[in-house]
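Here's a friendly walk through a structure you may not have met before. Take a look at the sequence and the model, and then we'll go through some spots worth a closer look.

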Amino acid sequence: MLHVNENYSKISPTYLFAEIAHRVAAHEAANPGTRTIRLGIGDVTEPLCPAVIEAMHRAVDDESRRETFRGYGPEQGYAFLRERIAEADFAERGIAVSADEIFVSDGAKCDSGNIQELFSQDARVAVGDPVYPVYVDTNVMAGRGGIALMPCTKENGFVPSPGDFAAQGLDLVYLCYPNNPTGAVATKGQLQAWVDWANESGALVVFDAAYEAFIRTPGIPHSIYECEGARKCAVELRSFSKTAGFTGARCGYTVVPDEVFARDSSGAKVPLKPMWARRQTTKFNGASYIAQRGAEAVYSPEGREQTKATVDFYLENARLVREAFAAMGYECFGGVDSPYVWVDVKRPSWDFFDLLLSRAGVVTTPGAGFGAAGEGFARISAFNSRENVLEAVERIKKAL
Ligand code: MLT
């Protein structure tokens, strides 16, 4: 008899953003003719920039001619893109990451969910609380229990410190900075402490840098590899989704350095790069040629200028949201080096969510959806048009 994977019964039956979409649909059905403004899921609204569009059009033309047509591409990603990434995202910042350590994918969500497959079932996992739900859910689906939650609070500036968890025998720690959902950033010293701890304890850091393009404060690390020793203990996830509007086009990448390893049951070192290559070549056929040509264009002079302008536009939205809530007397965090504003809403998160949805027709994300320590907060996304953000702010002021 076929049995189901009962670990699925240990996670919420609906993914956070599916639950929100369900509530929004019910609200819209009950209020026909009203216009809902979405500041919930972090989905971009501004179109792909002209440099990317032109590159994608050229790629479509390539696909239309026998001589330039591409079928399956390399599972690890085309060299033209991996070499641009190695140069622009790392070498230009003085970081050593080679093109063959970069694995292009169809986005950071899949990679952040899949990376745990490389580790044993008894790996002791730790995540921040609140946290992007994918890290937790994918580990629970794989049968890992006892996930350690590291509270990210006002008191610690939403950055947990390894010293507080050193006694717990952690093996695999997920860090995300700029943080989803709190919008907090980690200083180089704070990240270095995690790297030093991981190297001393034989743990691995999975560093999610999907929001690095939003960093404007000088000195805040864009990559974990800015820390000494990180090549031995960290993999890094990156995405073109928020950087360049690829939530629909789909492209991201993961860096697995040659030096990073875990151990087998005999205690021998096993490098992770060949394992990740084996996993990807078996289960993934590569991101589309068209998406990869578009991603390559993000690094052209025009692409850099245009994508930066769009990120600046969202950051200005974030400032408007943050200042509006602050003016209403709410304590706000994030929204400076991040598209997310994290607001202390002084009441249960889902009550606040329902209140704004019903009274203002504005969708937010309840902090409690990211974990118990998110209770009492709301995450407001800056991904929308200026017109919608301004209108949402006015509606929220009236509703509150
Ligand atoms: C979010 O809203 O947290 C993100 O859009 C989710 C994601 O990137 O998968």
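Which backbone oxygen lies 2.8 Å from a polar atom of the side chain of arginine 395? It belongs to alanine 360. Keep in mind as you read that this is a predicted model.

**Arginine 395**

You'll find arginine 395 in helix 12, which covers residues 386-399. Is this arginine buried or exposed? With a relative accessible area of 18%, arginine 395 is buried, since the cut-off for that word is under 20%. Setting aside residues up to four places away in sequence, arginine 395 touches Arg35, Ile37, Ala360, Gly361 and Val362. So alanine 360 turns up twice here: as one of the residues touched, and as the owner of that backbone oxygen.

**The ligand**

Next, the ligand and what sits around it. Its surroundings are made up of Phe17, Ile41, Gly42, Lys109, Tyr132, Asn180, Tyr211, Lys242, Tyr340 and Arg379. Some of these residues also place a polar atom close to an oxygen atom of the ligand, as the table shows.

| Residue | Polar atom from | Distance to a ligand oxygen |
|---|---|---|
| Glycine 42 | backbone | 2.6 Å |
| Asparagine 180 | side chain | 2.9 Å |
| Arginine 379 | side chain | 2.7 Å |

How much of the ligand does the protein bury? Taken alone, the ligand exposes 260 Å², and the protein buries 84% of that.

**Helix 2, with a buried side**

Helix 2 runs over residues 50-64, which makes 15 residues. From its first C-alpha to its last it reaches 21 Å, close to the 21 Å expected at 1.5 Å a residue. Its buried residues are Ala51, Val52, Ala55, Met56, Ala59 and Asp62. Look down the axis of helix 2 and these buried residues fall within an arc of 130°, so they line one face of the helix. The background is simple: an α-helix has 3.6 residues a turn, so residues three or four places apart point the same way.

What do the buried residues of helix 2 pack against? Their partners are helix 9 (289-298) and helix 10 (301-327). Over on the face turned away from the buried side, helix 2 carries the exposed residues His57 and Ser64.

**Helix 5, largely enclosed**

Helix 5 (residues 133-141) is another story. Here 7 of the 9 residues are buried, so the helix is largely enclosed by the rest of the structure. The buried ones are Pro133, Val134, Tyr135, Asp137, Thr138, Asn139 and Val140. Their cover includes helix 1 (16-30), helix 4 (108-114), strand 3 (125-129), strand 5 (172-176) and strand 6.

There's something to spot on either side of this helix. In the loop between strand 3 and helix 5 you'll meet proline 130, and a cis peptide bond joins aspartate 129 to that proline, with omega at about 10°. Just after helix 5, glycine 143 takes a positive phi of about 100°.

**Backbone details in other loops**

Where else does a cis peptide bond turn up? It joins tyrosine 177 and proline 178, where omega is about -10°. Proline 178 sits in the loop between strand 5 and helix 6 (188-201).

Two residues have a positive phi although neither is a glycine: phenylalanine 158, at about 65°, and lysine 346, at about 60°. Phenylalanine 158 has its place in the loop between strand 4 (148-151) and strand 5, while lysine 346 is in the loop between strand 12 (340-344) and helix 11 (349-360). As for their surroundings, phenylalanine 158 is buried, with a relative accessible area of 3%, whereas lysine 346 counts as exposed at 57% relative accessibility.

**Alanine 213**

One last stop: the loop between strand 6 (204-208) and strand 7 (234-239), where alanine 213 is found. At 16% relative accessibility, alanine 213 counts as buried. What is alanine 213 in contact with, leaving aside its neighbours within four places in sequence? The answer is Thr243 and Val311. For a sense of scale, alanine 213 and glutamate 387 are 174 residues apart in sequence, and 23 Å apart in space from C-alpha to C-alpha.

Definitions and conventions: Residues numbered from 1 in each chain as written. Predicted model: local features only at pLDDT ≥ 70, side-chain atom pairs only at ≥ 80, totals over all residues. Heavy atoms only, no water. Helix = DSSP H or I, 4+ residues; strand = E, 2+ residues; numbered from the N terminus. Expected span 1.5 Å × (residues − 1). Buried < 20%, exposed > 50% of the residue type's maximum accessible area, 1.4 Å probe, protein only. Arc of directions from axis to C-beta. Contact = heavy atoms within 4.5 Å. Near = heavy atom within 4 Å. Polar contact = N/O pair within 3.5 Å; in protein donor to acceptor, adjacent residues only side chain to side chain. Areas by Shrake-Rupley, 256 points an atom, 1.4 Å probe, with all protein chains shown as cover.
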